[in-house]
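Please load the model and set the display to cartoon, with side chains available on request. The stops that follow name what to select next and describe what is found there.

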Amino acid sequence: MRTVIFDLDGTLADTSGDLIAAANACFRAEGHGDQLDPQLDASTAFRGGRAMLRLGFSRLGLEAGRLDAAVERCFRPLLGNYEAAIDVHTRLYPGAMEAVEALRDAGVGIGICTNKPEGLAETLLVRLGIRPAFDTLIGADTLPVRKPHAAPLLEAVSRIGGHPERALLVGDTETDRETARAAKMPCILVTFGPDGQGVAELEPDALLDNYTALPALVEKLLA
């Protein structure tokens, strides 16, 4: 069986607005104003909670020791903020679910491998009304390791009943590219995220400018 595994944030859905809102709430709780911009800092949002906190606190001029402590102190509150307002600004990318359904209709196994904690990813998929479309979900804490380690991607494929030689990953960042490389799978990177055509520098097996082209790319790469 052919298998396609998707990243979540920045690949299936633009979650940056809600992620940045959660981080800015932490900065306000610390007595500061908002430090992150929903548009300018979207790429940092897709790299995780600690990355957002580190960027924000660095803008406040914290030196290394205090910065690290502030990031760890605020990480759990950030997750709480995010869970409480997880789907206020989040939107699926145009054509994403139509492409998923087209692949499913063609007999392709579909899963998600994300560095978002599994519980938060599950909540978001349910809130968006798309959880039934995915045969499996692997989050950052499902296994002892996370992307770019190959194990989460391989586990996602295995749980569907697929095989690495007949599977690929659709993502949006260097982390996804390195994960696919570690698992010896093809990788498609989307160009409609904040890094745009810049992801071409990562030399994926294919670029995806619009989800309408995905079924044909899958057919080509997994022929």
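Select helices H3 and H4 of this predicted model: their crossing is right-handed. Helix H3 spans residues 49-59 and helix H4 spans residues 64-84, and their axes come within 9 Å while crossing at roughly 130°. That angle lies over 115 degrees but not over 145, so H3 is oblique to H4. To display the interface, show Gly49, Arg50, Met52, Leu53, Arg54, Phe57 and Ser58 on the H3 side. Their counterparts in H4 are Leu67, Asp68, Ala70, Val71, Glu72, Cys74, Phe75 and Leu78.

Keep two of these side chains in view, namely Arg50 and Phe75. What sits over the ring of phenylalanine 75? It is the charged end of arginine 50, placed 3.8 Å from the ring centre.

**Helix H1 against H4**

Retain H4 and add helix H1, residues 16-29. The axes of H1 and H4 come within 8 Å and cross at roughly 130°, and the two helices are therefore oblique to each other. The crossing of H1 and H4 is right-handed. In H1, select Asp18, Leu19, Ala22, Ala23, Ala25 and Cys26; in H4, select Cys74, Pro77, Leu78, Asn81 and Tyr82, which they meet. Cys74 and Leu78 of H4 deserve a second look, since H3 residues meet them and H1 residues meet them as well.

Next, move to alanine 85, in the loop between H4 and E3. With 30% relative accessibility, alanine 85 counts as partly exposed. A distance monitor from its C-alpha atom to that of alanine 21 should read 8.7 Å, although 64 residues separate the two along the chain.

**Helix H6 against H4**

Replace H1 by H6 and keep H4 on display. How far apart are the axes of H4 and H6? The separation is 11 Å, and the helices pack at an angle of about 15°. H4 and H6 are therefore roughly parallel to each other, and their crossing is left-handed. The residues to show are Leu79, Tyr82 and Glu83 in H4, which meet Leu120, Leu124 and Arg127 in H6. Tyr82 is listed in this interface and also in the one between H1 and H4.

Within helix H6, proceed to leucine 128. This residue is partly exposed, with a relative accessible area of 22%. Apart from neighbours within four places in sequence, leucine 128 is in contact with Thr90 and Leu92. Measuring from C-alpha to C-alpha, one finds leucine 128 and alanine 13 at 9.7 Å in space, whereas they are 115 residues apart in sequence.

**Strand E5**

Select threonine 136 in strand E5. Is this residue buried or exposed? At 6% relative accessibility, threonine 136 counts as buried. Beyond residues up to four places away in sequence, threonine 136 touches Ile110, Gly111, Ile112, Arg131, Ala156, Arg159 and Ile160.

**Aromatic pairs**

For the last stops, display the aromatic rings. The count comes to four aromatic pairs. One of them joins phenylalanine 6 and phenylalanine 134, whose ring centres are 6.5 Å apart; their planes stand at 80°, so the pair is edge-to-face. Phenylalanine 6 belongs to strand E1 (residues 3-6), and phenylalanine 134 lies in the loop between helix H6 (118-128) and strand E5 (136-138). The pair thus links distant parts of the chain, 128 residues apart. Phenylalanine 6 is buried at 0% relative accessibility, and phenylalanine 134 is likewise buried at 4%.

Then select tyrosine 93 and phenylalanine 192, an aromatic pair that is tilted, with 4.8 Å from centre to centre and 50° between the planes. Tyrosine 93 is found in the loop between strand E3 (91-92) and helix H5 (96-105), and phenylalanine 192 in the loop between strand E7 (187-190) and strand E8 (206-208). This pair also links distant parts of the chain, 99 residues apart. Tyrosine 93 counts as buried at 11% relative accessibility, whereas phenylalanine 192 counts as partly exposed at 23%.

Finally, add Tyr211 to the selection: ring pairs link Tyr93, Phe192 and Tyr211 into a cluster.

Note on methods
Residues are numbered from 1 along each chain as its sequence is written. This is a predicted model: local features need pLDDT of at least 70, side-chain atom pairs count only at pLDDT 80 or more; totals for chains, interfaces and linings use all residues. Side-chain values use heavy atoms; hydrogens and water are left out. Rings of Phe, Tyr and Trp (its six-membered ring) pair if their centres lie within 6.5 Å; planes under 30 degrees apart count as stacked, over 60 as edge-to-face and the rest as tilted. Helices (H or I, at least four residues) and strands (E, at least two) are DSSP runs, numbered from the N terminus. Buried means under 20% relative accessible area, exposed over 50%, partly exposed in between (1.4 Å probe, protein chains only). A charge sits over a ring if NZ of Lys or CZ of Arg is within 6 Å of the ring centre and within 35 degrees of the ring normal. Axes are lines fitted to C-alpha atoms, for helices over the stretch in contact, and angles run from 0 to 180 degrees between N-to-C directions. Angles under 35 degrees count as roughly parallel, over 145 as roughly antiparallel, 65 to 115 as roughly perpendicular and the rest as oblique. A crossing is left-handed if the near helix is turned anticlockwise from the far one by less than a right angle, and right-handed if clockwise. Contact means heavy atoms within 4.5 Å.
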